[in-house]
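User: I would like to go through the labels used for this model. For each one, tell me what it rests on.

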Amino acid sequence: MAGITSFGGYIPRYRLSRMVIVQNMAWYFPVIMAVAGGEKAVANWDEDSVSMAVAAAYDCMAGHDRKGLDALYFASTTMPFADRLNAGIVAAALNMRENGVSNADFASCMKAGTTAMISALDSVQAGSRKNVLVAASDQRRTKMATMFEMFYGDGAAAVLIGGKDVVADYLGSYSINCDFVDHYRGQAKEFDYGYEERWVRDIGYGKVIPEAISGFLAQSGMKIGDFSKVIYPCYFGGTHKAIAARLGIEKEKAQNNLQAVCGDTGTAHPLVMLVSALEEANPGDKLLVAGFGQGCDVLAFEVTEKIRDMKLRTGIKGSLDNRVDLANYQKFTKFRNLITADLGIRGEANPNTSLTVLWRKRKMLLGLVGVRCKKCGTPQFPVYPTCVNPTCWSVNDFEDYEFSDKEAKILMFTGDMLSPSVDPPAIYGLIAFEGGGRTMFDFTDCDLNQIKVGMKTRMSFRRRQADNMRGFTGYFWKAVPQVEGGGK
Amino acid sequence: MATGIRDKVAIIGMGCSQFGERWNDGPEELMVEAFTECLQDAGIEKTDIQAAWFGSCFDEVGVGKSALPVSMSLRLPNISVTRVENYCASGTEAFRGAVYAVASGAYDIALAIGVEKLKDIGYGGLPEFSTAMGTLNQLWMANFTAPGGFAMLATSYAAKYGLDMNEVKRAMAHVSVKSHANGALNSKAHLRKPVTEEQVLNAPQIAYPLGLFDCCGVSDGSACAIVTTPEIAKSLGKKDLVTVKALQLSLSNGTEFAYDWDGDHFVTTSKASAEAYQEAGIRNPREEISMMEVHDCFSITELVTMEDLHISERGKAPEDVMDGFYDLNGGGVPCQPDGGLKCFGHPIGASGLRMLYEMYLQLHGRAGQRQLKDPKFGLTHNLGGFPFMNVCSIAIIGKQGA
């Protein structure tokens, strides 16, 4: 037996109304006016596919032991490294075991997320692994005034695959693989290159998805009416409806494609939609999920009673509710590095990352792992070999202590206009963790005028530097002030 | 049993360059300018100097590494020169090295010199320090600057004492207004225009809640001192000796940053000043300290420091400041008579010695329009680093026998 044992999601807080894009760019390409409805989720400037995957993975692992993971599969087409296991960064951020695990990247295709799920389910069914975390995430850059800019959103989702306490039993899968190239992104290219929409709609989404789903039904002997939700990505609203009609899916049983509230999150989207469906699902519900891209994966699940025991999580619904308007289109283009704004001479400093230090301190830098003194019990970060408690000062008598999931309170803060930042002022402060330990962090996802001493914060894994000279992306954790009501 | 430094060493000469944006001069010229005045003041020959200590902070953008820049610029006769760097305490550290060398009997006459040439980097503010914080720290430390680091103190100070930020800002503004008034009286100061509280409060924000006038000048400059024993000073014909009364240093050990602290005060200053008073034999600093030059890198730093020097009571510095207690003619303890870092300027490695220079001038009655009546003890204070992690130095000098 295998199935989904937990799930989580992450949609970034900024939302860009498509009308804002139209107001700024329709002069250049009026066709975008045709899809001006709704809004898309936009990653903050310090987020990327890896950081969003970490957020979704933490959400998914709430109430589950991260040390119990046997593998982590990361699916994305926007991984920061071509040669360095990106899943390894996510795994380190989760402070996963290093020995006896096998992590992997699933890349280069919009259906890589569903393919990673099938692999995970196969290995759990085969008994070779007990718990596999699948995280899918995309943060695709798009040229200004394009349909891709209108359709694409940023986001991530994660599902935990296992054999025990399954919340959605795996009923099987079916795949079509064919070299249908509706769009592609060549090696070292920044943007997607897309072909005519009419062809992509009719011969791509509109034909391949129904064929794959029909194939699954034929193979399993199940009927489309057995499913309470059929989940397939398709950002063309008319085609999304047409697929349902063609397969005989009742209107309310075709899972919403989230175009209105989030946009298409690429590799993550089948999982984002699946998690969204699971959040509303009841025991006994059967779900069919499809991933589209150079073919189509189809997976079927049946929700169990265990879904009622799941711990509260942010999920897709919670992240969609935590929204702030990004009313400034220029800010969006700067966040995505589509325009050149001066960071000043102060912002030129670009020291390389010491890979020896990164290796030695990987738990600290990627996992936000500090220590707790075995003698006096004081949690501390950063770690020095001597306990920070002046009434203790014992040496090297520590155990690991994770700060990544601890809440904290702001002790002092500022918004700094001098510090080079893509989104000035640079906000940072000293925070004290519940249960002990304190240190200074950059803050993110916040507005200076809403921050107060004493306000709660939660930690978030973020991109720290994108070193374009060497192609290195560095990460660390930031504090997110928890404004009552989730912001504006 | 240690007996402290009190009256064991005398300052026989001091010099200080013009501070400011010295576009046409490098650190070499600045050092020679200060040294020439200093040597003349001491009335000795360069060859009488047996050893030197040199303070400079940003070797990356100024003089470069080692003490060679001093030896080369001043053409010292192949004597011992030691480079010290301890953030903003670097100048006072150089002084401490020279003073201790003389006190130990190792040398008769020693030089302390500090310099910083900051205006060669092409942008405002202090040099960017991400590459100077160590290979590990640069991978995780918040993206902070000097103004931001100190600005945070205002938020926690206000929270601690339940003060409205506008009240704190007004007191901070008065701190700057007072220093501008003093700086206007000083021909060697970088910034010489008086300002009003309204100007300070309406200035552009640098780091919440600090505005432009809450931040000190970023300047080029050099200052130096020649020290010897009181006996040798007398043998050289020196009268009305100014002697060293106390030299204390205190460094954070991470307690503030990582263990337990309300963000309302400087742990190090509190300790170093108490020890300095003891070393100098001062029981009631509010009554006995005649004047001070403190590390007003930012107005909030000076405000809070008044409490850590045990002159204002905890939480009462804003009241004392608003009462004019620290003004030049306020009847209290004049603070920053020379304009402070705020207006005299802050070439880091020179600052500690520049502060001592003003105290020295005042004690000798040579402070011109700024001259205070019969000062006995002058205190200087440096704070290098950040409120949560810093190096604090305190020096007290005074009239021999005071």
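Analyst: Domain bounds here come from an automatic or database domain assignment. On that basis, chain A is divided into domain 1 (3-335) and domain 2 (345-368 + 403-486). Keep in mind that this is a predicted model.

User: How do you know how far apart domain 1 and domain 2 of chain A lie?

Analyst: From their C-alpha centres. Those of domain 1 and domain 2 of chain A lie 27 Å apart.

User: What makes residues of domain 1 and domain 2 of chain A count as in contact, and how many are there?

Analyst: The C-beta atoms of two residues must lie within 7 Å. By that test, 20 residues of domain 1 of chain A touch 16 residues of domain 2 of chain A. On the domain 1 side, helix 2 (49-60), helix 3 (86-93) and helix 10 (329-335) of chain A each supply at least two residues. Helix 2 of chain A gives the largest share, 5 residues. By class, that side of domain 1 holds 10 nonpolar, 4 polar and 6 charged residues.

User: Why does the radius of gyration of chain A agree with a compact globule?

Analyst: The rule is 2.2 Å times the number of residues to the power 0.38. For 488 residues it gives a value near 23 Å; chain A has 23 Å, so the two agree. Along its principal axes, the C-alpha trace of chain A spans about 70 × 55 × 40 Å.

User: What share of chain A is called buried, and by which cut-off?

Analyst: A buried residue has 20 or more other C-beta atoms within 10 Å of its own. Of the 488 residues of chain A, 50% pass.

User: Why is strand 6 of chain A called mostly covered?

Analyst: Set strand 6 (residues 131-138) of chain A against that cut-off: 8 of its 8 residues are buried. Side chains in a regular strand alternate between the two faces of the sheet. On one side of strand 6 of chain A, N131(A), L133(A), A135(A) and S137(A) are buried. On the other, V132(A), V134(A), A136(A) and D138(A) are buried too. Both faces are therefore covered.

User: How do you know that strand 6 of chain A pairs with strand 4 and strand 7 of chain A?

Analyst: Pairing needs at least two DSSP bridges between the strands. Strand 4 (residues 71-76) of chain A meets strand 6 of chain A over 5 bridges, in the parallel sense. There, A75(A) has A136(A) as its bridge partner. Strand 7 (residues 155-162) of chain A joins strand 6 of chain A over 8 bridges, in the antiparallel sense. V132(A) is bridged to I161(A) in strand 7 of chain A. Both counts meet the cut-off, so both pairs qualify.

Definitions and conventions: Residues are numbered from 1 along each chain as its sequence is written. Chains are lettered from A and ligands numbered from 1 in the order in which they are written. This is a predicted model: local features need pLDDT of at least 70, side-chain atom pairs count only at pLDDT 80 or more; totals for chains, interfaces and linings use all residues. A residue is buried if 20 or more other C-beta atoms lie within 10 Å of its own, exposed if 12 or fewer, and partly exposed in between; C-beta atoms are placed from the backbone. Helices (H or I, at least four residues) and strands (E, at least two) are DSSP runs, numbered from the N terminus. Ala, Val, Leu, Ile, Met, Phe, Trp, Tyr, Cys and Pro count as nonpolar, Asp, Glu, Lys and Arg as charged, and the others, Gly among them, as polar.
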